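This report looks at a protein model, taking up its overall make-up, one of its pockets and some of its charged pairs.

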Amino acid sequence: ITLVQEVGSTRCTMVRLLLFGGKGGVGKTTMASATAVWLADSGLRTLLISSDPAHSTSDSLEAKLGPKPTPVPGVPNLEGLELDPEMGASALMPMLNQAMGGVTGGPLSAILGQDAVDGIKNETDSMSASDLMLPGMDEAIAFETILRHVENPRHDVVVFDTAPTGHTLRFLGLPEILDGWTDRILRLMRMTGGIRAMLMGGSRENEIRGEIERFQRRVRHIRRIMADDSVTTFSLVTIPERMAVSESIRAADALAEFQILVDRIVVNRCTPNLDHPFLQSRRDIEQGYLAELKDRYEGLNIYTVPLESSDIHGLDHLRRVGSHLMGAAEPTDPSSTEIRIGEPMYFDVIRSEVRDESDERTTYTLHLPGADRSEMGLRGEEGVLYISLNGQEKSLNIGRDFDPNSVQAEFNGDLLIVHIPR
């Protein structure tokens, strides 16, 4: 198998990760769910992820979601996932979690006596890495899960219904917080387990420090992906009220400090233009807030969603919202790699996987944003081509025998193009 040197890319920006953020209570879940349903109805394999512990996404879709991708009944191309709120830092830093588990006895009981060991154990056994959660750590866990799905070409699009914007901003500042936190947590471990450390040696501390530093690098990588507008688009959702608009302006400015650019604003629950004094008064106030947003973010696409006469939940309501924003959902050409989809609100998307057959060869085009190409591996076995990347392995069922040594692969930007001769 031959990996050809990367070729120059002339294609336009194409997103894979669609973030919906904003103040709590403005309709982020509705906008994210409506967009996900609309994209799936258009033929794109879509994953909708929510970090809301209240399970609002399940309520919106009227479908039971879990911590793993779950098919959504009534939407063939859509899967949903609600992150497990109980999953703590132990999931990302198991070595630290184990070390915080306190002392256990053994040699210590011979030195201190069992009563002393039991006393220490009662104080420390209940402590875990989850008890030391930093501001932004829970968001880091959420984005770590999202990144694994973005890096896996199983889905064409990943839609993330984020926590309120303040939580996202806490996550973005996490790497700098970790700089000072690492030394403090290691000092605490030495205080609570100093004798054990003497018995075990100093290598354990170095291993835990290395684990924390690897986690820190992973968070920085996620932050780079979020700031890469060729992979990520950020839709800021708000409502036409003073507090919501003011917070949206602050959020957009704060996100810009991390080089994350809001590329559209969705203004939800806009009062329709009806002949009624109360409604007209309300609408006039809202139009002033819309004008303020347009003046401040000149050139940025601002979309409005009308206030409905009923609450929005269930597929029929979500499809109506999606149609209002992006027009009628029509199936896309499955052989097209690059797609502009939606009107007036639109997304430029690259399908995660496209297969093309000719008399000479089978060609796969895989969209792999953020891939570490230095660690890519290809191997063939019994009619299946295996691609290892970012610590994961994807299998392509070629459906026929082929010579693995004749396979060629090349990167074109974030696209991996693989040729399997007949």
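## Salt bridges

A salt bridge is counted where a side-chain nitrogen of Lys or Arg lies within 4 Å of a carboxyl oxygen of Asp or Glu. In this predicted model, the side chains of Arg-422 and Glu-357 satisfy that criterion, with N and O 2.5 Å apart. The pair links distant parts of the chain, 65 residues apart, since Arg-422 belongs to the segment after strand 18 (415–421) and Glu-357 to strand 12 (residues 353–357). Arg-422 is exposed, at a relative accessible area of 52%, whereas Glu-357 is partly exposed, at 37%.

A search of the whole structure finds 16 salt bridges. Among them is the one between Asp-348 and Arg-340, at 2.8 Å from N to O; here Asp-348 is buried, with a relative accessible area of 15%, while Arg-340 is exposed, with 56%.

## The second largest pocket

The second largest pocket has a volume of about 320 Å³. Its lining comprises 20 residues, of which Val-15, Asp-229, Thr-233, Asp-263 and Arg-264 are the closest to the centre. By type, the lining residues divide into nine nonpolar, five polar and six charged. Strand 7 gives the most to this lining, with three residues, and helix 10 (203–227) is one of the elements that each supply at least two.

## Overall make-up

The protein contains 13 helices and 18 strands, and 48% of its 422 residues are buried. About 19,600 Å² is exposed, with carbon and sulfur atoms supplying 49% of that area.

Conventions: Residues are numbered from 1 along each chain as its sequence is written. This is a predicted model: local features need pLDDT of at least 70, side-chain atom pairs count only at pLDDT 80 or more; totals for chains, interfaces and linings use all residues. Side-chain values use heavy atoms; hydrogens and water are left out. Helices (H or I, at least four residues) and strands (E, at least two) are DSSP runs, numbered from the N terminus. Buried means under 20% relative accessible area, exposed over 50%, partly exposed in between (1.4 Å probe, protein chains only). Accessible areas come from the Shrake-Rupley method with a 1.4 Å probe; for residues, only the protein chains shown count as cover. On a 1 Å grid over the protein atoms alone, a cavity is a set of points where a 1.4 Å probe fits but cannot get out, and a pocket is an open set with protein on both sides within 12 Å along at least five of seven lines; lining residues have an atom within 4 Å of a point. Grid points are joined across faces, edges and corners, and a volume is the space filled by probe spheres set on the points. Ala, Val, Leu, Ile, Met, Phe, Trp, Tyr, Cys and Pro count as nonpolar, Asp, Glu, Lys and Arg as charged, and the others, Gly among them, as polar.
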